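Hi everyone, thanks for coming. I'd like to walk you through a structure, so please have it open while I talk.

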Amino acid sequence: MNQHRITAMGLIMLAGSLFLTTNATKVTAAAPYDEDAYGPEAPIVWEKPTKVTFSHKTHTMDAGLACDSCHDELFIMESGAVLTTGKLTMAAMAEGKFCGSCHDGNTAFASNTKCASCHTDVNGLAPQDPIVWTKPVKAVIFNHKGHVEDFSLECDACHDDTFAMQKGTAEKAADFTMQALYDGKYCGKCHNGKTAFASDTRCNTCHIGVKGHNRMMGNDGAHATGSKAGH
Amino acid sequence: MNIEDLEKEKNEGIENLPLQERRKFLKMGLTVTGIFLGGTVLSLTSASLASSQNDPETDIPAEGQYPYPKHYGMVMRQNRCIDCEKCVEACKQTNHVPTAHGAWRTAIQERLTTENGTEKREFRPVLCNHCNRPPCVRVCPTKATYKDPETGIVVMDYAKCIGCKTCMAACPYNARYFNEEKYAIDKCNFCIDTRLAEGKTETACAAACPARVRIFGNLKDKTSEIYRLLHTPDTKIWVLRPDTGALPNVFYMNA
């Protein structure tokens, strides 16, 4: 893969120098888009598994990549061919396949950041099931749906500054506590009583407790408690 | 009235009788019995000094009405409870509460309601209320359960317990269980043997609570947090099942 990148970089530099020497007089004029050199001008739009838009222009004309940087090794040139394999997933990209070959956080922005750059339709993109944290206390839920759909928040409102996209990252942090929230970290960035309800109010909106967690995990009534009294 | 006429009357049953009515009826019976026995049936409990503020809605003890030298109680700041059940874990570990046979000393109750389409959760921690007039103590035939004269904690003398479970039936809070290992009734005792005896000032559940829901302390001590919370003006305080007249020492508030 590295060799591949080096080849790509070499080509960019070569192309750049050729451009400078041969077209020096035309630099100021708006460069016409050449489909033979840069690929299809209209963005490629995938509808499955979710709506994703890819612009050849951004990658070739603007970033200076050559066709063979991606074709046919990463993507088969034939339109829509890659989709039939069913292998084009975010998980595959995280493993360095497809877009993840460059979008790894080094060569280009990591594939688990800046979602909206490619996922132009964010609705339905966020996880449908609630996020459940069990540390430091059992259990806290977060609903993407409520925040994205009802409050029209973009992914980057929270990711990656406030919360890493990677599942379970916050849970591992020692400061993922209510005190941190009161100090304006994590949920407390908005849940401060001004932007959204304060973190020290309405506890049970997010805290579903051990019982709620058990129910969610499908082992309702798995442990006996003395809750027979009253209520 | 003729007995034959009475037989034709439909039995109304006692199901629809309010608790207060039943209590009045029982009290009348006890008073009559008391006269026969010398009038001291109810004084089996050592809490004759205890009284409430005469508010049937709350039964919060009046200022200066704490009969015990160290009058222990607990305040539950209910709306802070998140059902993490760290208290339950800590209690089980500290007091070796069995996992079988429905044994429990403290638990969290949950109430789910739906308000405008959204699910609402409420959690309520419960444990023995260490009542000033404990029905369990009153019914015990062997005096195996009693109010500790120093602290007011309702404790068990396991050697005296014959396991008749009358106290289990009498407890308005269902706070007692049969301990198979001890072959005796067991219950929350505010960690009197496991923590207080070691000089610790809090019960295991109170110490484990991350949200400081449970405030344990001596109501006699005017500098204690529990005293301050209970005597904060304009604070709504309630107890569970005040209608039983047991005068519990576990108080609930939202704070």
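How many bridges join β1(B) to β9(B), and do these strands run parallel or antiparallel? There are 4 bridges, and the two strands run parallel. Before I go further, please keep in mind that this is a predicted model.

Let's stay with that part of chain B. β1(B) sits in the middle of an open sheet of 3 strands, in the order β8-β1-β9, with mixed pairing. The edges are β8, residues 214–218, and β9, residues 250–253, each of which pairs on one side only. From one strand to the next, the twist averages 20°. If you want a landmark in the parallel pair, look for Met74(B), which stands opposite Val250(B) in β9(B).

This sheet also brings us to the nonpolar core. In general, nonpolar side chains tend to be buried together in soluble globular proteins. Here the largest nonpolar core has 57 residues, and the ones that touch the most other members are Val75(B), Met76(B), Ile226(B) and Phe251(B). Strand β1 of chain B, residues 72–77, gives the most to this core, with 4 residues.

Which residues does Ile226(B) contact, once we leave aside its neighbours within four places in sequence? They are Gly73(B), Val75(B), Ile215(B), Phe216(B), Gly217(B) and Leu219(B). Now look at Ser224(B), in the loop between β8 and α7 of chain B. Not counting residues up to four places away, Ser224(B) touches Gly217(B) and Asn218(B). Ser224(B) is only partly exposed, because it has 17 other C-beta atoms within 10 Å.

Next, the hairpin in chain B. Strand β2, residues 106–115, and strand β3, residues 118–127, run antiparallel and are joined by 10 bridges. Within that pair, Thr113(B) stands opposite Lys120(B). The hairpin has 2 residues between its strands, and Asn116(B) takes a positive phi near 50° there.

What covers the buried residues of α3(B)? The cover includes β2 and β3, the hairpin strands, along with α6 and β8 of chain B. The helix itself spans residues 86–95, and its buried residues are Lys86(B), Cys87(B), Val88(B), Cys91(B) and Asn95(B). Just after α3(B) comes His96(B), with a positive phi of about 50°.

Now over to chain A. Its secondary structure comes to 9 helices and 4 strands, and from the N terminus the elements run α-α-β-β-α-α-α-β-β-α-α-α-α. Chain A has 231 residues, of which 13% count as buried.

How do the two chains meet? In the model, 18 residues of chain A are in contact with 23 residues of chain B. On the chain A side, that contact surface has 6 nonpolar, 9 polar and 3 charged residues.

A good place to look is helix α9 of chain A, residues 209–216, whose buried residues are Gly209(A), Val210(A), Lys211(A), Gly212(A) and His213(A). These pack against β3 of chain A together with β2 and β3 of chain B, so our hairpin strands turn up here again. Following α9(A) is Gly218(A), with a positive phi near 80°.Let me finish with some backbone oddities. Most residues other than glycine have a negative phi, and most peptide bonds are trans. Where do we find Phe190(B), whose phi is positive, near 55°? Phe190(B) lies in the loop between β7 and α6 of chain B, and it counts as buried because it has 29 C-beta neighbours inside 10 Å. Ser152(A) also has a positive phi, of about 50°. Ser152(A) counts as exposed because it has 10 C-beta neighbours inside 10 Å.

Chain A has cis peptide bonds to look at as well. One joins His71(A) and Asp72(A), with omega about -5°, and Asp72(A) is in the loop between α3 and α4 of chain A. Another runs from Lys135(A) to Pro136(A), with omega near 0°. You can find Pro136(A) in the loop between β3 and β4 of chain A.

That's my tour. Thanks for listening!

Conventions: Residues numbered from 1 in each chain as written. Chains lettered and ligands numbered in written order. Predicted model: local features only at pLDDT ≥ 70, side-chain atom pairs only at ≥ 80, totals over all residues. Contact = placed C-beta atoms within 7 Å. Nonpolar A, V, L, I, M, F, W, Y, C, P; charged D, E, K, R; others polar. Buried ≥ 20, exposed ≤ 12 C-beta atoms within 10 Å, placed from the backbone. Core = buried A, V, L, I, M, F, W, Y, C linked by C-beta atoms within 7 Å. Axes fitted to C-alpha atoms, helices over the stretch in contact; angles between N-to-C directions.
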